[in-house]
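Trainee: Could we walk through this one together? I'd like to learn how to read it step by step.

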Amino acid sequence: KKRMLHFVLTDGKNKVHAMEYQHVVLLDNYPIYPGTKIQFQDIEIRNGVLLMRPSSVIWIGGGVESFRAKHVAAIKARETDTRVFQKNLLKGETPPPNFADDDL
(Lines give C-alpha, C1' and ligand atoms only; values in the text may rest on other atoms or scores of the structure.)
Protein backbone atom coordinates (compact mmCIF):
# COMPACT_ATOMS: atom_id res chain seq x y z
CA LYS A 1 0.00 0.00 0.00
CA LYS A 2 1.16 3.49 -0.72
CA ARG A 3 0.22 6.08 1.83
CA MET A 4 1.77 8.36 4.39
CA LEU A 5 -0.04 8.95 7.66
CA HIS A 6 0.80 11.90 9.88
CA PHE A 7 -0.02 11.94 13.59
CA VAL A 8 0.19 14.56 16.27
CA LEU A 9 0.86 12.64 19.47
CA THR A 10 0.63 13.94 23.00
CA ASP A 11 1.18 12.75 26.53
CA GLY A 12 -1.15 15.45 27.81
CA LYS A 13 1.55 18.11 28.06
CA ASN A 14 3.95 17.71 25.15
CA LYS A 15 3.16 17.25 21.45
CA VAL A 16 5.27 15.43 18.90
CA HIS A 17 4.73 14.72 15.21
CA ALA A 18 5.00 11.19 13.83
CA MET A 19 4.92 10.03 10.23
CA GLU A 20 4.40 6.56 8.81
CA TYR A 21 7.74 6.20 7.05
CA GLN A 22 7.12 2.56 6.12
CA HIS A 23 3.71 0.89 5.96
CA VAL A 24 2.72 -0.13 9.51
CA VAL A 25 0.18 -2.96 9.21
CA LEU A 26 -0.83 -2.52 12.87
CA LEU A 27 -2.44 0.78 11.90
CA ASP A 28 -4.67 -1.07 9.39
CA ASN A 29 -5.90 -3.62 11.92
CA TYR A 30 -7.02 -1.47 14.85
CA PRO A 31 -9.35 1.53 15.05
CA ILE A 32 -7.43 4.67 15.93
CA TYR A 33 -9.40 7.13 18.02
CA PRO A 34 -8.13 10.13 19.94
CA GLY A 35 -6.70 8.76 23.19
CA THR A 36 -5.44 5.49 21.67
CA LYS A 37 -2.10 4.46 23.15
CA ILE A 38 0.91 3.28 21.18
CA GLN A 39 4.50 2.76 22.22
CA PHE A 40 7.67 3.29 20.21
CA GLN A 41 10.96 1.45 20.42
CA ASP A 42 14.19 2.10 18.52
CA ILE A 43 12.53 4.88 16.51
CA GLU A 44 14.37 7.20 14.16
CA ILE A 45 13.81 10.95 14.52
CA ARG A 46 14.46 13.39 11.68
CA ASN A 47 13.87 17.12 11.98
CA GLY A 48 11.85 16.50 15.14
CA VAL A 49 9.48 14.00 13.46
CA LEU A 50 9.22 10.38 14.61
CA LEU A 51 9.54 8.05 11.60
CA MET A 52 7.27 5.08 12.22
CA ARG A 53 8.27 1.67 10.85
CA PRO A 54 6.61 -1.70 11.56
CA SER A 55 9.45 -2.69 13.90
CA SER A 56 9.20 0.53 15.93
CA VAL A 57 5.45 0.60 16.75
CA ILE A 58 3.86 -1.39 19.57
CA TRP A 59 0.06 -1.30 19.94
CA ILE A 60 -1.12 -0.77 23.52
CA GLY A 61 -4.73 0.14 22.74
CA GLY A 62 -7.01 1.58 25.35
CA GLY A 63 -8.44 5.01 24.82
CA VAL A 64 -10.30 7.84 26.43
CA GLU A 65 -14.07 7.36 26.13
CA SER A 66 -14.86 11.10 26.16
CA PHE A 67 -12.39 11.67 23.28
CA ARG A 68 -13.82 8.75 21.35
CA ALA A 69 -17.43 9.92 21.80
CA LYS A 70 -16.51 13.43 20.65
CA HIS A 71 -14.69 12.01 17.60
CA VAL A 72 -17.61 9.77 16.62
CA ALA A 73 -20.04 12.70 17.00
CA ALA A 74 -17.87 14.87 14.72
CA ILE A 75 -17.84 12.13 12.05
CA LYS A 76 -21.63 11.78 12.22
CA ALA A 77 -22.04 15.56 11.92
CA ARG A 78 -19.79 15.58 8.84
CA GLU A 79 -21.85 12.78 7.27
CA THR A 80 -25.07 14.70 8.01
CA ASP A 81 -23.64 17.82 6.35
CA THR A 82 -22.81 15.78 3.25
CA ARG A 83 -26.33 14.31 3.10
CA VAL A 84 -27.89 17.78 3.40
CA PHE A 85 -25.64 19.07 0.63
CA GLN A 86 -26.57 16.15 -1.66
CA LYS A 87 -30.28 16.63 -0.87
CA ASN A 88 -30.05 20.32 -1.79
CA LEU A 89 -28.34 19.44 -5.08
CA LEU A 90 -31.29 17.21 -5.94
CA LYS A 91 -33.60 20.18 -5.29
CA GLY A 92 -31.75 22.12 -7.98
CA GLU A 93 -29.28 24.07 -5.90
CA THR A 94 -26.27 25.19 -7.91
CA PRO A 95 -23.16 23.25 -6.92
CA PRO A 96 -19.92 25.07 -6.19
CA PRO A 97 -17.56 25.57 -9.14
CA ASN A 98 -14.94 22.91 -9.86
CA PHE A 99 -11.61 23.47 -8.20
CA ALA A 100 -8.85 24.51 -10.58
CA ASP A 101 -5.29 24.93 -9.41
CA ASP A 102 -3.93 27.78 -11.51
CA ASP A 103 -0.50 27.55 -9.90
CA LEU A 104 0.41 24.33 -11.74
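What follows is a chat about the strands, a pocket and two residues of this predicted model.

Trainee: How many helices and strands are there in the chain?
Mentor: Let's start at the N terminus and read along: the elements run β-β-α-β-β-β-β-α. Tally up the letters, and the chain has two helices and six strands.

Trainee: What is the order of the strands in the open sheet?
Mentor: That sheet has four strands with mixed pairing. Its edges are strand E1 (6–10) and strand E4 (44–46), each of which pairs on one side only. From one strand to the next, the twist averages 35 degrees. So for the order, with those edge strands at the ends, read E1-E2-E5-E4.

Trainee: Which residue in E2 is the bridge partner of Val8?
Mentor: E1 and E2 run antiparallel, joined by five bridges. The hairpin they form has four residues between the strands, and there Gly12 takes a positive phi near 105 degrees. Follow the bridges to Val8, and its partner in E2 is His17.

Trainee: And at the other edge, which residue in E5 does Arg46 stand opposite?
Mentor: Here we're looking at E4 and strand E5 (residues 49–52), which are antiparallel and joined by three bridges. Across from Arg46 in E5 you'll find Val49.

Trainee: Which residues make up the covered face of E1?
Mentor: Sort the strand into its two faces. His6, Val8 and Thr10 are on the uncovered one. That leaves the covered face, with Phe7 and Leu9.

Trainee: Which strand gives the most to the lining of the largest pocket?
Mentor: That pocket holds about 550 Å³ of space, and 22 residues line it. E1, strand E2 (15–20) and strand E3 (37–40) each supply at least two of the lining residues. Val8, Leu9 and Thr10 are among the residues nearest the pocket's centre. With four residues in the lining, the top contributor is E1.

Trainee: How many residues of that lining are nonpolar?
Mentor: Split the lining into its kinds. Five residues are polar and three are charged. The nonpolar ones number 14.

Trainee: Is Gly35 buried, partly exposed or exposed?
Mentor: You'll find Gly35 in the loop between helix H1 (26–29) and E3. Leaving out residues up to four places away in sequence, it touches Gly62, Gly63, Val64 and Phe67. Its C-alpha atom is also 8.9 Å from that of Gly61, 26 residues apart along the chain. Because its relative accessible area is 23%, and buried needs under 20% while exposed needs over 50%, Gly35 counts as partly exposed.

Trainee: What about Ser56, buried or exposed?
Mentor: Ser56 is in a loop too, between E5 and strand E6 (57–61). Apart from residues up to four places away in sequence, it touches Gln39, Phe40, Gln41, Asp42, Ile43 and Leu51. Its relative accessible area is 2%, which is under the 20% cut-off, so Ser56 is buried.

Trainee: What percentage of the residues in the chain are buried?
Mentor: Ser56 is one example of a buried residue. Take the chain's 104 residues as the whole, and the buried part is 12%.

Trainee: Last one: among contacts between residues at least 6 apart in sequence, what percentage join residues at least 24 apart?
Mentor: Think of contacts that link distant parts of the sequence. Start with those in the chain between residues at least 6 apart, then keep the ones joining residues at least 24 apart, and you get 52%.

How values were computed:
Residues numbered from 1 in each chain as written. Predicted model: local features only at pLDDT ≥ 70, side-chain atom pairs only at ≥ 80, totals over all residues. Heavy atoms only, no water. Pairing = 2+ DSSP bridges. Axes fitted to C-alpha atoms, helices over the stretch in contact; angles between N-to-C directions. 1 Å grid on protein atoms, 1.4 Å probe; cavity = no way out; pocket = protein on both sides within 12 Å on 5 of 7 lines; lining within 4 Å. Points joined across faces, edges and corners; volume = space filled by probe spheres on them. Nonpolar A, V, L, I, M, F, W, Y, C, P; charged D, E, K, R; others polar. Buried < 20%, exposed > 50% of the residue type's maximum accessible area, 1.4 Å probe, protein only. Contact = heavy atoms within 4.5 Å.
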